[in-house]
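Work through the two exercises below with the coordinates open. Each task is followed by a solution in steps.

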Amino acid sequence: MLALLALTGCGTAESGAGVGGVHAEALCPSKAPRYGEIPRERPTATADAPRPPGTPTPVPSGTGTARDGVRITRTYAGAIDEDGVCRAGSLTAEFEVTNPAAHDMTYTVLFDATGYTGASRVVGPVGPGKTVRGRVAMSRGYGDTAGGTSVSLLSVRSIPSAEAPAPGGPCPASGVRVYADKGDAAMGLRVVGLHLENCGKEPYAVDGRPELEIIDAEHERVEGVKLVPSAEVAQLGGPPDVARPLTLRPGERALSGIVWRNTVQAFGGAVNAPYLRVRAKAGAAPVVLTPELDLGTTGRLGVQAWRKQG
C-alpha cells in the first residue's frame, strides 16, 4: 500500500516524504520553479557542443512518459548539488504538470527508475489550465552498482487544493486540521489513522465518527460500499470503539481510523479507490486524503469513533 503523502506547495517536497528518494530541491535549490511559473527553456547541449563543468549528462530514454496530466520532459545522469557540483550515482528527471480541471489542484507524483531509490514530489496548487514544471533526483539504490536511464511514473494523485490536508503550517480557516498517517498493512488487513487537531482559538465539538466519502481515480463517488464500526471488520485492541460527544479545547487532538480487508472472492468486482473525502463532523469543511483503498470484494470500510489523543 502506498504511503500517504502530506501535501505542500509547488517546488518543495515535505521532509520525510516519498519512497526513499532524494529531494531534488535540496540538491538544486536555486533552480526550483515558483508557484505557477514556467521557466524559460535552458539550451540543450548537443553531442558536439562542449558542456560547462558539472553539467549533468542528458539521457534521452525515459522522456516523454506521460500519465494523468504529468509528463517527464528530460532526464539526466547525475544531479547538481547545492554547491553546483554534478554528483555521479544519481538520476535527475525534469517534468511538467498540467491541470485540466476548472479549479486549483494539488498533485502528488511518485517516480521510479531501475537501480534507484525512487522519489516523490508534491506540486500545487496548480491553477486551471496552467502548467508547472519541476525537477526530481533519485539516488542509487542500496547495493546497486548500475542503474537504468528510464524514469517511470508510478502514480499520480490529484485533489482540489481547497480540500488538501494541512498537517503543518498555518492553521486552516476551519480552525482544525484533519490528516492521515502512513497506515499499516499485514495479512490483507489495512489500518490508517485519521488525526484531528484543534489549532484554532475556540473549542471544537464532534459527535461520534467522521463522515466519509470514497472517491475513485476519476474523482467520482464510489457507491455500494458500507461504512461500519471498525469492530465489524477487525478487533484492533485499545479502548472500546464507542461513539460519544467529544469537545476539543484549543491545542487538543483526537484520533479516529479506518480499517479494511483486501479480500477478493471469485464473484463481484473489486473496489480500488485512491481517495477518501473526510469531514470531522456533519457540515464540516471536507479534506481529501489518499489512503489507496483496495477493498477487494468485501464491500465494507470500518470507521472508528473519535477519541481524545494524549
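The exercises treat a disulfide and a sheet in this predicted model.

**Exercise 1.** Locate the disulfide, describe its geometry, and classify the accessibility of its two cysteines.

Solution.
- Step 1: The structure holds 1 disulfide. Its partners are Cys-171 and Cys-199, with an S to S distance of 2.0 Å. This falls within the 2.5 Å cut-off for a disulfide.
- Step 2: Place the partners in the chain. Cys-171 lies in the loop between strand S8 (151-160) and strand S9 (176-180). Cys-199 lies in the loop between strand S11 (189-198) and strand S12 (204-207). The two are 28 residues apart, and the pair links distant parts of the chain.
- Step 3: Take the angle about the S-S bond. For Cys-171 and Cys-199 it is 75°, and the link is right-handed.
- Step 4: Compare the accessible areas with the limits: under 20% is buried, over 50% is exposed. Cys-171 has a relative accessible area of 31%, so it is partly exposed. Cys-199 has 21%, so it too is partly exposed.

**Exercise 2.** Determine the strand order, the edges and the pairing of the open sheet that holds S13, S18 and S19.

Solution.
- Step 1: The 3 strands follow the order S13-S18-S19, with antiparallel pairing.
- Step 2: Strand S13 (211-215) and strand S19 (287-289) each pair on one side only, and these are the edge strands.
- Step 3: Neighbouring strands of this sheet are turned by 25° against each other on average, direction ignored.
- Step 4: Examine one pair. S13 and strand S18 (residues 275-279) are joined over 5 bridges in the antiparallel sense. Opposite Ile-214 stands Leu-276 in S18.

Conventions:
Residues are numbered from 1 along each chain as its sequence is written. This is a predicted model: local features need pLDDT of at least 70, side-chain atom pairs count only at pLDDT 80 or more; totals for chains, interfaces and linings use all residues. Side-chain values use heavy atoms; hydrogens and water are left out. Helices (H or I, at least four residues) and strands (E, at least two) are DSSP runs, numbered from the N terminus. Buried means under 20% relative accessible area, exposed over 50%, partly exposed in between (1.4 Å probe, protein chains only). Two strands pair if DSSP finds at least two bridges between them. Axes are lines fitted to C-alpha atoms, for helices over the stretch in contact, and angles run from 0 to 180 degrees between N-to-C directions.
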